[in-house]
Amino acid sequence: MVKQMEERHSVWIRFCHWVNMISITLLILTGYYIHAPHTFRLFSNMDTPRTLHFAMAYLLCFGVLIRVYYAIVAKDTKNIVFSVKEDTPKFPSMIKYYLFMADSHPYYGKYNPGQKMMYTGWLVMVLIQIITGFILYKPNMFMALGGFLGGYMAVRLIHYIVTWLFVLSVLAHVYLDISEGVPVLKSMFTGKIPADFDHGTHEEEIETDTGVGA
Amino acid sequence: MPTKLSRRDFVRLCAGSAAAISMTGFLAPYMSEAVAAGAPPVIWIQGASCTGCSISLLNTVHPDIKKVLTEVISLRYHPNIMAAAGDLAMQEMFKVAEENKGNFFLVVEGAVPTGADGLYCTVGEEDGHHITFEKLVTTIGKKSKAILSFGTCSAFGGIPATPPNPTNCKAVDQVVKDVPVINVPGCPPHPDWMVGTIAHVLLYGIPEMDTFGRPKMFFSNIIHDNCERRQYFDNGIFAKTFGEPGCMLELGCKGPIAHCDASTRLFNGGVNWCVKSGGVCIGCTEPQFPAWPMYERMAEMPVGPATTVTVDQVGIVLGGLAVAGIGGHLVGNIATGRIGSKKEDVEKEGDS
Ligand code: SF4
Ligand code: SF4
C-alpha cells in the first residue's frame, strides 16, 4: 500500500540544508587541521585545507544568505525562529518528554522549541563565524573590527570556541533527528513525510489520553 | 647632493627597502638638508620604558648614529645620550618647547603611568618640585606639532600596561588627546621605522596611518605573508622543538596576526630577524601585545580565580557530556520503546 505523504521540506530548504551541511562539515575538518596540524593529521599540507576552508566559507555565506532570504519570503521564519514569548512556555513539556517523564508531547508546530532555539542559535553562530573568519582571513581589511573585538587573538579564540559549539550542537541535532524516526531523516532528502507521522499530540487528545492512562 | 625626493618615492623606498640598501643611509642627505634649512627640532622623552627603543635607534649603522643625531635630526633632548644633565637639560627642553611652540616633534618612549597621580614615574624637577611623566607628556605634548610614540609601550601600553597594571600605565594617545599621534610600535621598533617616521614628518608631514595609528609604509603587511618559513607552513611541515626546520606556528608563532616588515628589513643592520634566528614572532607590534602566551598557539580561557583552561579541554569535557547525554537518552529511548521494534507494535495497535 502506498503510504500517504505530505510535504514537509520545500526543495529550497533541502538544497540549503545540504549545501550548508557540506560547507560546515568541511569547514570544521579543515579548520581543525589549520588549528592543530600536528594532532589532526587529516591533510598532508596546509594549502589544500586553507583553500578549501576559504572556498567553503564563501559557500556557507551563500547558503546562509539563500536560507535567510527564503525564510523571510516564504514566511518560514515562524517555523524556525525562536520566540521568547511564545516558545519558552512550551519548554517544560518538551523537557519532560525528552527526560521520559511524559510519554507524548503536545503539538508544537513544525519544530519543537528546543529545535527552534538551536536553529536560531545557528544563525547567530554562523554570523559570528563569518565575521571573525573574515577578520582573520583579511587582517588588513577588517583591522578596525578586529581591534574592536579585542584583537586578533581574541578573534581567534571566539572563532575556535564557536566551532566547538557547532560540533556539539550538530552532534545533538543529528542524534535527536534520527531518534525521532527514520521518516524525519528521509524527509530531508525527499521533502515528504508520512501523513500519519506522530508530530505530537494535539491539546484535546492529551486530555483524553491522560484520562485513559489514569 | 640630491635636492628633491617625492613623497611617493620616499614611501616606496621606506616600504620596499631591502636589507641590502641602508634606508637611513639613503635618507640622511635629504634629512640633513632639511635640518640645515631649519626643519623642526625633536625632543625625546622616556617614561615607563626599558630604554630598548633608544638602544635600537643606536643600532643605526649607516651612517653611524653620531652623524644621525648631530646632522640628520635636530635632536634637542634625549635622557640617555645628551651631554647636559639636571636643571640645565630640563631648562633647555622647556625652552625649546616654548620657542618652537606648535612646531617641534615630541618622541615618547615608554608608557605613561597614571596611577597615584603619575607619581610612579617622575622624570625631573621644575622649581624644586617633581615633574611626573604624565604631566610632562601632557604639557609638552600639547605644545608639539605631533607626537611620535616609539615602541609598543608608548603606542599601545605594552608591557607596563599588561594586567594587573598596578601603576595604571596608558598609551600616549590615551593621555594626550588633541595632538596627532603617530604610533611606531615594536618591542623594540626597528631603527628604520623610527628614523623613517621622523624623516617623513620632517620632510612631508604626518604619514598615512592605519586604524591603530601605525605608518602604513612599515606596518601594512602581515609577517606570515613574507616569512621565509612560509613554504614549510604551506607544505604542512611544523617544527616541534626549537632548532628544527619547519614553520614555527605550533611553537607559538604569532606571524599570522602580526603587522610588521622585519622579515624583509631584517634587524641588526640586515643580519637577522625573529623567525630567521630560530625564534617565533611574538606579535610585538600589535596593540594587545604582550597579552598572549608567547610560546603557545592560543591563549587559555580564564574560568575562575587564577584558573585557566584551554578551549580544547572545555570542548572535550562538553563533548564527553554530550556523548553521555546522547547515550543515556538512547538507552531511555530503547527502554521506553520510542525507537526500535516496540514502537512499531504500538503504532500498529494504535492504527488498527
Ligand atoms: S614561522 Fe610564523 S610567520 Fe613564518 S610561516 Fe610559520 S607561522 Fe608564519
Ligand atoms: S616579526 Fe613579530 S616579533 Fe619580530 S619584530 Fe615583527 S612583530 Fe615583532
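# Two chains and two ligands

Biologist: Between which two elements of chain B is the place of Pro188(B)?

Modeller: The model is a predicted one. In it, a helix of chain B, α9, covers residues 191–203, and a strand, β9, covers residues 181–184. Pro188(B) sits in the loop between β9 and α9.

Biologist: What kind of peptide bond joins Cys187(B) and Pro188(B)?

Modeller: The omega angle settles this. For the bond that joins Cys187(B) and Pro188(B), omega is about 0 degrees. The peptide bond is cis.

Biologist: Which residue is joined to Pro164(B) by a cis peptide bond?

Modeller: Pro164(B) lies in a loop of chain B, after α7 (152–156) and before β8 (169–170). The omega angle of the cis bond is about 5 degrees. The partner in that bond is Pro163(B).

Biologist: Is chain B a compact globule or more spread out?

Modeller: Chain B holds 15 helices and 11 strands. For its 352 residues the globule rule gives 20 Å, whereas the radius of gyration is 28 Å, well over that value. The C-alpha atoms fill a box of roughly 105 × 50 × 40 Å along the principal axes. Because the radius exceeds the rule by that margin, chain B is, compared with a compact globule, more spread out.

Biologist: What pattern does chain A follow along the sequence?

Modeller: Chain A has 10 helices and two strands. Its C-alpha atoms fill a box of roughly 65 × 40 × 40 Å along the principal axes. Read along the sequence, the pattern is β-α-α-α-α-α-α-α-α-α-β-α.

Biologist: Which residue in the loop between α2 (47–73) and α3 (77–80) of chain A has a positive phi?

Modeller: The residue is one other than glycine, with phi near 55 degrees. Its place in that loop of chain A is clear from the numbering of the two helices. The residue is Lys75(A).

Biologist: What area is buried between chain B and chain A?

Modeller: The contact draws 45 residues from chain B and 39 residues from chain A. On the side of chain B, Arg297(B), Met298(B) and Arg338(B) lose the most area, together 17% of what that side buries. Carbon and sulfur atoms give 64% of the total buried area, which is about 3,600 Å².

Biologist: Which element gives the largest share of the side of chain B that touches chain A?

Modeller: Between the two chains there are zero salt bridges, but 11 residue pairs in polar contact. Two elements of chain B give two or more residues to this side, namely α11 (230–235) and α14 (311–335). The side divides into 21 nonpolar, 12 polar and 12 charged residues. With 13 residues, the largest share comes from α14(B).

Biologist: Which residue of helix α5 in chain B pairs with Arg76(B) in a salt bridge?

Modeller: Over all chains, the whole structure has 13 salt bridges. In this one the N to O distance is 4.0 Å. It links distant parts of the chain, with Arg76(B) in strand β2 (residues 75–77) and its partner in helix α5 (residues 86–99), 16 residues apart. The partner is Glu92(B).

Biologist: Which residues come nearest to ligand 1?

Modeller: The shell around ligand 1 divides into nine nonpolar, two polar and two charged residues. There are 13 residues around this ligand. Those that come nearest are His224(B), Cys227(B), Cys247(B), Met248(B) and Cys253(B).

Biologist: How many charged residues does the shell around ligand 2 have?

Modeller: The residues around ligand 2 include Cys260(B), Cys274(B), Cys281(B) and Cys284(B). Also among them are Ile223(B), Phe267(B), Trp273(B) and Thr285(B). By class, the shell has 10 nonpolar and two polar residues, and the number of charged ones is none.

Note on methods: Residues are numbered from 1 along each chain as its sequence is written. Chains are lettered from A and ligands numbered from 1 in the order in which they are written. This is a predicted model: local features need pLDDT of at least 70, side-chain atom pairs count only at pLDDT 80 or more; totals for chains, interfaces and linings use all residues. Side-chain values use heavy atoms; hydrogens and water are left out. Contact means heavy atoms within 4.5 Å. Buried area is the accessible area (1.4 Å probe) that two parts lose on being put together, summed over both. A salt bridge is a side-chain nitrogen of Lys or Arg within 4 Å of a carboxyl oxygen of Asp or Glu. A polar contact is a pair of N or O atoms within 3.5 Å; within protein, one must be able to donate a hydrogen and the other to accept it, and residues adjacent in sequence count only if both atoms are side-chain atoms. Helices (H or I, at least four residues) and strands (E, at least two) are DSSP runs, numbered from the N terminus. Ala, Val, Leu, Ile, Met, Phe, Trp, Tyr, Cys and Pro count as nonpolar, Asp, Glu, Lys and Arg as charged, and the others, Gly among them, as polar. A residue is near a molecule or strand if one of its heavy atoms lies within 4 Å of it. The radius of gyration is taken over C-alpha atoms; the globule rule is 2.2 Å times the number of residues to the power 0.38.
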